[in-house]
Amino acid sequence: MATRVESLPTEFAVFPLPGALVLPQGKLPLNIFEKRYLRMIDDSLAEGRVIGMIQPDQSRADTPMGPALYRVGCLGRISSFSETDDGRYLITLTGLVRFSVQVELELHRGYRRVRAELGRYKADLGDGQPDAAIDREALLGALRAYFASQGFDANWDAIEEMPDQALVTTLAMVCPFEPREKQALLEAMTEADRADTLLALLRMGAHGTASGPAGGRTS
């Protein structure tokens, strides 16, 4: 049964990590080793298994809680968990729904928490509508040029077999874009918007002009 936005908490822990992006239905592997974040995972496993991924916003001044945060993040559910011999946690976070930060709460056991609004992004949870069409040929062409410019290898057979939505989500998450470019991908309102943003970033990266969608050089 699909998750309903009403069943999700509006107060939860957040993991501020620059350059790390989880999108709805995407899967993000994380290696957890700081004590405060080990405590965060312990608490999350006991309280619904959800945490929010969010990026620090380097364009704003630090706050009493730490680096300023972007206003939009993505709530995810811990879908796999293991503990290493040296006490680290290896988890996979599966994206559920984006959120807008309303207010940051007091630190809890050393980690940060927010109160958030989820309703604006409830379509992330699925509404039975078909996936938006993307210009797959243009996207794959730009990806080949981008990978060639970066010296990356790829399993092209696997890439070409991915459904459109999974392709856009996976590329947006794994390509090494700048944090504010990752944020632009996260905040794209629709799948079609995200595909267009991704295509633009791949083309700029392939030509060595890594300017974020908001303008300005980021390389």
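Visitor: Which residues of helix 5 are called buried?

Guide: In this predicted model, helix 5 covers residues 179-187, and its buried residues are Glu181, Lys182, Gln183, Leu185 and Leu186. They pack against strand 4 (72-83), strand 5 (89-104), helix 4 (164-174) and helix 6 (191-206).

Visitor: Why is the pair of Arg115 and Glu11 called a salt bridge?

Guide: The rule asks for a side-chain nitrogen of Lys or Arg within 4 Å of a carboxyl oxygen of Asp or Glu. For Arg115 and Glu11 the closest N and O atoms are 2.9 Å apart, so the pair passes. Arg115 lies in strand 6 (residues 112-117) and Glu11 in strand 1 (residues 11-16), so the bridge ties together parts that are 104 residues apart in sequence.

Visitor: What makes Arg115 partly exposed?

Guide: Partly exposed is the range between under 20% and over 50% relative accessible area. Arg115 has 33%, so it falls in that range. Glu11, with 35%, is partly exposed too.

Visitor: How many salt bridges are there by this rule?

Guide: The count comes to 10. One of them joins Arg98 and Asp124, at 2.9 Å from N to O. This pair links distant parts of the chain, with Arg98 in strand 5 and Asp124 in the loop between strand 6 and helix 2 (136-150), 26 residues apart.

Visitor: Are Arg98 and Asp124 buried or exposed?

Guide: Buried means under 20%. Arg98 has 2% relative accessibility, so it counts as buried. Asp124 has 14%, so it counts as buried as well.

Visitor: Why is the aromatic pair of Phe15 and Tyr37 called tilted?

Guide: Two rings pair if their centres lie within 6.5 Å, and planes under 30 degrees apart count as stacked, over 60 as edge-to-face and the rest as tilted. Phe15 and Tyr37 are 4.5 Å apart centre to centre, with 40 degrees between the planes, so they form a tilted pair. Phe15 sits in strand 1 and Tyr37 in helix 1 (residues 35-46), 22 residues apart. Both Phe15 and Tyr37 are buried.

Visitor: What makes Tyr146 and Phe177 a tilted pair?

Guide: Their centres are 5.8 Å apart and their planes differ by 45 degrees, so the pair meets the distance limit of 6.5 Å and is neither stacked nor edge-to-face. Tyr146 lies in helix 2 and Phe177 in the loop between helix 4 and helix 5, so the pair ties together parts that are 31 residues apart in sequence. Tyr146, Phe147, Phe152, Trp156 and Phe177 form one aromatic cluster.

Technical notes:
Residues are numbered from 1 along each chain as its sequence is written. This is a predicted model: local features need pLDDT of at least 70, side-chain atom pairs count only at pLDDT 80 or more; totals for chains, interfaces and linings use all residues. Side-chain values use heavy atoms; hydrogens and water are left out. Buried means under 20% relative accessible area, exposed over 50%, partly exposed in between (1.4 Å probe, protein chains only). Helices (H or I, at least four residues) and strands (E, at least two) are DSSP runs, numbered from the N terminus. Contact means heavy atoms within 4.5 Å. Rings of Phe, Tyr and Trp (its six-membered ring) pair if their centres lie within 6.5 Å; planes under 30 degrees apart count as stacked, over 60 as edge-to-face and the rest as tilted.
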